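Q: I would like to learn how to read cysteines and a ligand site in a model that is new to me. Could you take me through them one at a time?

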Amino acid sequence: MNFTTRAIHVGQDYRAETGSVIPPIYATSTFATGNPGKFDYTRSGNPNFRNLQATLAALENAQHCTVYSSGVASITAIVANLSTGDLILSEENIYGATYRLFEKVLRRWGVKIKYANLANPANYNLIEQLKPAMVWLESPTNPMLKILDIAAISKAAHSVGSTVVVDNTFASSFLQRPLDLGADLSQLSTTKYTNGHSDCLGGAVCSNSADWQDKLLFSQKALGLNPSPFDAWLVSRGAKTEALRMERHSSNALELASRLEQTKGIKMVRYPFLKSHPQHELARKQMSAGSGMFIADLGKGYDETLQFLKRLNLFTQAESLGGVESLVAHPASMTHASIPPTERAAVGITDGLVRFSAGIEDVEDLWHDIAQALGL
Ligand SMILES: Cc1ncc(COP(=O)(O)O)c(C=O)c1O
């Protein structure tokens, strides 16, 4: 079965006695002992989790998947398996809350973290030198949309026995399959493109390792990271239209980014499927389209940039991405505000940088909105 068919048919638990086409929401905290599904308590499993896990594993070409209450919970579930003294070698441009978790929690527990620009192959030698327990990647990265060579980095990491994690949130399971490229774990904030409707939070980790799956299920119950059955059901519903949505997100973002690139006064536009992207070829190799995120440096100061955001009508200024509605963010004051200004600037997050999440609205309406806010 191909992606779109798997999205609709795998993980569907039909109820034979009612003929219900859509699985019910199993709103229960506990289960009678001895049931055929071997469920005991919802913190350690629920039919809605199992349905969603089957669907997402199928979409990521994975043997296993575990679901969580948020993307950050899924990251926690992974890193909770590290021990004092272990090293994470991380891409330097990662999501702000991942950075915060690494810096404010893991460091206190004695886990070491080193950051590097892993878009530069010259830095792969750090993997061999440092032999990290874990290599942490995001591709495209948030918010700079750098593309990391998942296959090449995985090869280098496996030669020294490191586990490679890819945060696949920005790409989505439809456009990029990290495990096929050689990564060990593919982690998703299902809050974004998987669910696609901005109405719940969720996270997931997919792998082909029975050992990791045991650890990840253990994290779900031992750390209390489970989603609610209703949220898992919502993500299951959203996943059915992921392919259709991703095609429109990608075509809208490509069109808007290329028009913005031709607009006078705009300092920089970055989108993985634009020829001007420094890793355009690599993006085309490991993703089947560019996804819905693009960034632009408007060449304005902090306050002027915030004024531009206020003039937009169809792009709502909000954190998050990946919903059917277009959103816009100012990383310096929002998602990446927890990263100190000097470190922010070092990775390219200027005051004029705006991050667009193209929704699936009509592209002409979206362009008209950006143009009027720019005063064109
Ligand atoms: C790349 C990336 N990873 C992880 C997360 C965290 O996901 P959640 O907000 O569902 O906890 C986000 C949220 O924006 C994200 O953009």
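Q: How far is the sulfur of Cys 200 from the closest cysteine sulfur?
A: A disulfide is a covalent bond between the sulfur atoms of two cysteines. It is assigned here when a pair of cysteine sulfur atoms lies within 2.5 Å. The sulfur of Cys 200 is 14 Å from the closest one, in Cys 65, and therefore too far for a bond. This is a predicted model, in which local features need pLDDT of at least 70 and side-chain atom pairs count only at pLDDT 80 or more, while totals for chains, interfaces and linings use all residues. Residues are numbered from 1 along each chain as its sequence is written, and side-chain values use heavy atoms, without hydrogens and water.

Q: How many disulfides does the structure hold?
A: The structure holds zero disulfides. Cys 65 is in none, and the nearest cysteine sulfur, that of Cys 206, is 3.8 Å away.

Q: Are Cys 65 and Cys 200 buried or exposed?
A: Buried means under 20% relative accessible area, exposed over 50%, and partly exposed in between, using a 1.4 Å probe and protein chains only. Cys 65 counts as buried at 4% relative accessibility, and Cys 200 counts as buried at 7%.

Q: Which atoms of the protein does the ligand meet at Gly 71, Val 72 and Asp 167?
A: A polar contact is a pair of N or O atoms within 3.5 Å. An oxygen atom of the ligand is 2.8 Å from a polar backbone atom of Gly 71, and an oxygen atom of the ligand is 2.8 Å from a polar backbone atom of Val 72. A nitrogen atom of the ligand is 2.6 Å from an N or O atom in the side chain of Asp 167.

Terms used. A polar contact is a pair of N or O atoms within 3.5 Å; within protein, one must be able to donate a hydrogen and the other to accept it, and residues adjacent in sequence count only if both atoms are side-chain atoms.
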